[in-house]
Amino acid sequence: MKILILTLSLLVVSSSFARLSDGKAHLKLKGSQIFASVDEGFHFNKDAPAALVRGEESIDAVKKEPKEFIFDAAKAQKKPFAVNYYVCDDKNTVCEAHEEKFQITNGKLVAASGGTATVAEKAVNTAMVVEAPLKKNKHGFYEDSFNAALKLAAKEKKLLLVDFNAPWCPSCIRLESEAFGEAEFIKATEKFIKFSLNVDKPALKDIGKKYGIRGIPTMIVMNPKGEELTRILDYKPAPVLAKEIAIFQASNKATLTELRKKAEAGDLEARKVLADQAYAALKFEDVVKWLAPTGEQSLLLANSEIRVAESAYEKDKKNAAEYRKTFERWIAVFPHSIDAIEWRPELMKLIKGESKEASAEIKKIGAENISEIQKLLDDEKARAETFAVNKFGDMTGFEKAELLSQQIETYKLMNETKKSEESAAVLAKEVATFNLSVERPGQVLVALPYIKTANMKKNAQEWLEKLLKAHPDSDVYLMKLVVFHMREKQFAQALPYAEKVAVMKSDSALYYQGILADVLKELKQKEKAMDVISKALAMPEAKLESNKSVVTGLLDLKKSL
C-alpha cells in the first residue's frame, strides 16, 4: 500500500512554519510617527482596518499606501499600545492580520516584552486571517480560501470536494498530472465545488487537523456545512475515481454522524461504510470496531488488525506474540494475496529480531513467499486479478516491479545473497521497460524506489536531475536531490543543491537552513555550519511556537558542532 502516512505537525519536513506574510513588514519610529514598510512581493491592504490601539482608543493610520503605512504615536509615549494592519502577497493568495504590541521608551520603539520590536514578536496565534479572493487552478480547483469555498458551495447548493495534498507527495503529483485533467474526472466532478488544500500551508494546517488527515493525498466530499460525507485515499486513475464518485452520488449521502447512529443500532451496511471510511482515514482501530463484530473476514479487517497489533508492539515489545499471531492468522486466510506477500517479510523480520541468522522457520516462511511471488510473475492473468483487489493506490505498470522488490527483500531475510542479486538483475530489466516522462513527475517518483532497489542509483540521480531541469523553480526536486546525495554519503554533491534550496522562499525555509548546516557539518565546515544555524535562529520563523521542534533540531546540531 503506497500511501504517505504523516502527522500534520511534521509533514516529512516540518509544515508548521510561519504564515506567508510573517517577517515581511517592518516598523520604525521617526519622531512621533511610526512608519511601516513591506518587502518586495508583498503589500499592505489599504482597504482593511489599520490602526494604533491604546486602551479603548483606536487611532486610524494617517497614511495608507500599498508599500507604506504611517501611524501617529504622539499619544502613545511610555504606555503600551498595539499596531494592527494587514499584509497580502502580490499574488493575492493570502491577506493576513498582524498585531504588534509596543511601547516607546527613550525615543525608541520596543516590544511590549522589552526587546527591540520585530514582526516575529507579534501575537501570531491570535491573528485573524482575511479570506483571500477565490481563484481557480488549471484543473478548476479553488485554492487558499477554504471558508469562501464553503460559502460558495452553500450559495450554489453544491457539495464540496476537497483535495488534501502537498507539493512533495508523489501520489499527489500523480493526481495533479494524470487524473484531474482527464475527461472522466472532469465530468464526474462537474457538479462539485472543488478545492485544493496544501497541508504545508500554515494558514490551512488546522483544517487538516480538523478532518483527521493522516495520509495524503486524501479527497473528502463534504456538504456546505463542512460535514464529511465520504473520503478517498491515495492516487487512483481518473476512470476509477469517476466510478467511485458516481457510486457516492447514487448513495443517500449520509453524514458520518448519521451513519454512526445507524451502525450503533445494528445496521450492517452502515458498519461496512464506516469501516471503509475509517480505513481511508487510516483509523485502523475504528475499522476493527465496526467490522470485527460482524464475523466477516476481509482484507480491510486483516490489514487493520495487523496495524493495530503493530502499534501495540511498538509501544511495548511484550506484545510481540500477539503481533505474530495476527500475522499468522491472516496469512492463513489470504495466502495468495499481494497483502500476504507483503506481510510475510514483516513476519520474518519480527521473528528474526536482532539475529543475523535465518532460522529454519524464517526460511520456510520465505520459501512460501517466493513460491507465491513466482506464481504471479509467471501468470499475467492471476497477477492482474491479484492487484485488482488492492484497496488503495494504483500499481498499473509497476506490478512486476513490486513483486520483484518483495522477492529481493524475502531473499535478503533468508540470507540468500546470490538469489537476491539475481532478482535485482531481473528487476533492472523490468525497470528498463518503464515508460517514464518528466511530464508525469509523480509516476517517476513512484518508480524511483524500484530503480534504487535494482541497484541503478545513477539512473535514479539522472531522473531527479531531469525533474529539476523540467521544474527549476520548485524546491521539491532540489530537496529530493539533497536527500538522495546525503543518503549516499555524497555530501560534496549535496552541497550546491542544499545551498540553492536554502535561499528559496518557502514555508520550509527554516528546515532547509538546518539541512544546509547538516551538510556543512558532514563536510567538516563547522564555522560555516555555525553561521547558517545562527542566521536561521535569528529568522522570524524561529520565534514561532509551531516551529519549536525545528528550532530544537537546530540547537542540537549547534551543540554537536
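# Why is it called that? Labels in a predicted model

Tutor: Let's start with a pair: the side chains of Lys 158 and Glu 156 meet in a salt bridge, 3.3 Å from N to O. Keep in mind that this is a predicted model.

Student: What makes the contact of Lys 158 and Glu 156 a salt bridge?

Tutor: The rule asks for a side-chain nitrogen of Lys or Arg within 4 Å of a carboxyl oxygen of Asp or Glu. The N to O distance for Lys 158 and Glu 156 is 3.3 Å, so the pair meets the 4 Å cut-off. A search of the whole structure finds 17 such salt bridges.

Student: Why are Lys 158 and Glu 156 called partly exposed?

Tutor: Partly exposed is the range between buried, under 20%, and exposed, over 50%. Lys 158 has a relative accessible area of 27% and Glu 156 one of 37%, so each falls into that middle range.

Student: How do you know that Arg 324 forms a salt bridge with Glu 361?

Tutor: The closest N and O atoms of Arg 324 and Glu 361 are 2.1 Å apart, and that is within the 4 Å limit. Arg 324 sits in helix H10 (residues 320–333) and Glu 361 in helix H12 (residues 360–378), so this salt bridge ties together parts 37 residues apart in sequence. Arg 324, at 26% relative accessible area, and Glu 361, at 34%, count as partly exposed.

Student: What places Lys 535 about one turn of the helix from Asp 531?

Tutor: These residues lie four apart in helix H21 (residues 526–537), which comes to about one turn. Their side chains meet in a salt bridge, 3.3 Å from N to O, again within 4 Å.

Student: Why is Lys 535 called exposed, while Asp 531 is called partly exposed?

Tutor: Lys 535 has a relative accessible area of 56%, and exposed begins over 50%. Asp 531 has 38%, so it stays in the range between 20% and 50%. Salt bridges can also share partners, and in this way Arg 307, Glu 310 and Glu 346 are joined into one network.

Student: What makes Cys 169 and Cys 172 a disulfide?

Tutor: Their sulfur atoms are 2.5 Å apart, and the rule accepts a pair of cysteine sulfur atoms within 2.5 Å. By that rule the count comes to one disulfide. The link of Cys 169 and Cys 172 is right-handed, with 80° about the S-S bond. Cys 169 and Cys 172 are buried.

Student: What is notable about the backbone at Lys 489 and Lys 524?

Tutor: Most residues other than glycine have a negative phi. Lys 489 has a positive phi of about 65°, and the phi of Lys 524 is near 65°. Lys 489 lies in the loop between helix H18 (475–487) and helix H19 (491–502), and Lys 524 in the loop between helix H20 (509–522) and H21. At 62% for Lys 489 and 68% for Lys 524, these residues are exposed, because the cut-off is over 50%.

Student: Why is the peptide bond from Ile 216 to Pro 217 called cis?

Tutor: Its omega is near 0°. Most peptide bonds are trans. Pro 217 is found in the loop between strand S16 (215–216) and strand S17 (218–222).

Student: Why are S13 and S18 called edge strands?

Tutor: Start from the open sheet of five strands, ordered S13-S15-S14-S17-S18 with mixed pairing. Strand S13 (142–143) and S18 each pair on one side only.

Student: How do you know that S14 and S17 pair?

Tutor: Pairing needs at least two bridges, and strand S14 (residues 159–165) joins S17 over five, in the antiparallel sense. Leu 161 stands opposite Val 221 in S17.

Student: What lines the second largest pocket?

Tutor: It has a volume of about 870 Å³. Its lining holds 37 residues, with Lys 236, Glu 244, Ile 247, Asp 276 and Lys 391 nearest the centre. Elements giving two or more residues to this lining include strand S18 (228–233), helix H5 (238–249) and helix H7 (268–280). H7 gives the largest share, six residues. By kind, the lining divides into 19 nonpolar, seven polar and 11 charged residues.

Note on methods:
Residues numbered from 1 in each chain as written. Predicted model: local features only at pLDDT ≥ 70, side-chain atom pairs only at ≥ 80, totals over all residues. Heavy atoms only, no water. Buried < 20%, exposed > 50% of the residue type's maximum accessible area, 1.4 Å probe, protein only. 1 Å grid on protein atoms, 1.4 Å probe; cavity = no way out; pocket = protein on both sides within 12 Å on 5 of 7 lines; lining within 4 Å. Points joined across faces, edges and corners; volume = space filled by probe spheres on them. Nonpolar A, V, L, I, M, F, W, Y, C, P; charged D, E, K, R; others polar.
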